[in-house]
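Trainee: I would like to take a close look at a single part of this model and see how it fits with its surroundings. Could you walk me through it in one connected account?

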Amino acid sequence: MGDTIFGKIIRREIPADIVYEDEEVLAFKDIAPQAPIHILIIPKKEIPTANDIQEEDAPLIGKLFIVAKKLAKEFGVDESGYRLVINCNKDAGQAVYHLHLHLLGGRKFTWPPG
Ligand code: 5GP
């Protein structure tokens, strides 16, 4: 496991408000929410960026989206709408180099993004 802040959350070395966990996936509330609902869904496997996703990771990446849609329903934004985002590298503003899917909801979002 790499030494990112999310690795520390997986290993319970730092606290997080965890909303979902299974053998492969963890989801927790973002510490600096950009919307009323802002959850990060991460693979426990250390994948630094979207560029590092391998063919063999396809089921795992699919599972991130399955967890996301379940959480969207659980948190009541499945019908109102939500945004799923993966930032990759510096132009996208990636800050934590452990792949994560942002689930954002509870307000309207503009398109295109800024
Ligand atoms: P990125 O910009 O890499 O796509 O997003 C990283 C996200 O992780 C940011 O939204 C940031 O607020 C969140 N984050 C950074 N450190 C922590 C932390 O220690 N705990 C939690 N829950 N979220 C964090």
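Trainee: In which loop does Asn89 have its place?

Mentor: Asn89 has its place in the loop between strand 4 and strand 5, and I should say at once that we are reading a predicted model. The backbone of Asn89 deserves attention, since its phi is positive, at about 65°, although the residue is not a glycine. Most residues other than glycine have a negative phi, and most peptide bonds are trans. As for its surroundings, Asn89 has a relative accessible area of 30%, and it therefore counts as partly exposed, a class that lies between the 20% and 50% cut-offs.

The two strands on either side of this loop lead us to the sheet. Strand 4 is joined by 4 bridges to strand 5, which covers residues 101-105, and the two run antiparallel. Within that pair, Arg83 has Leu104 of strand 5 as its bridge partner. Strands of a sheet pair through backbone hydrogen bonds, either parallel or antiparallel. Here the sheet is an open one of 5 strands, with the order 1-2-3-5-4 and antiparallel pairing. Its edge strands are strand 1 and strand 4 (82-85), each of which pairs on one side only, and from one strand to the next the twist averages 15°. Helix 2, residues 58-74, packs on this sheet and touches strand 1, strand 2, strand 3, strand 4 and strand 5, while its direction makes about 155° with that of strand 3.

At the other edge, strand 1 (residues 18-21) is joined to strand 2 by 3 bridges, and these strands run antiparallel; a hairpin of 3 residues links them. Tyr20 has Ala27 in strand 2 as its bridge partner. Strand 2, residues 25-29, is mostly covered, with 4 of its 5 residues buried, and it also pairs in the antiparallel sense with strand 3 (residues 37-43), over 5 bridges. There Phe28 stands opposite Leu40 in strand 3.

The loop between strand 1 and strand 2 holds Asp22, which invites a comparison with Asn89. Because its relative accessibility is 12%, and the cut-off for burial is under 20%, Asp22 counts as buried, whereas Asn89 is partly exposed. The side chain of Asp22 makes a polar contact of 2.6 Å with the side chain of Tyr20, and it also reaches the backbone nitrogen of Val25 at 2.7 Å. Once neighbours within four places in sequence are left aside, Asp22 is in contact with Lys44 and Lys63.

Two further backbone details belong beside the phi of Asn89. Arg12, in the loop between helix 1 (5-10) and strand 1, has a positive phi of about 60° although it is not a glycine, and with a relative accessibility of 46% it counts as partly exposed. In the segment after strand 5 we find Pro112, and the peptide bond that leads to it from Trp111 is cis, with omega near 0°.

To return to your question, then, Asn89 lies in the loop between strand 4 and strand 5, and its positive phi of about 65° is accompanied by a partly exposed setting.

Key: Residues are numbered from 1 along each chain as its sequence is written. This is a predicted model: local features need pLDDT of at least 70, side-chain atom pairs count only at pLDDT 80 or more; totals for chains, interfaces and linings use all residues. Side-chain values use heavy atoms; hydrogens and water are left out. Buried means under 20% relative accessible area, exposed over 50%, partly exposed in between (1.4 Å probe, protein chains only). Two strands pair if DSSP finds at least two bridges between them. Axes are lines fitted to C-alpha atoms, for helices over the stretch in contact, and angles run from 0 to 180 degrees between N-to-C directions. Contact means heavy atoms within 4.5 Å. A polar contact is a pair of N or O atoms within 3.5 Å; within protein, one must be able to donate a hydrogen and the other to accept it, and residues adjacent in sequence count only if both atoms are side-chain atoms.
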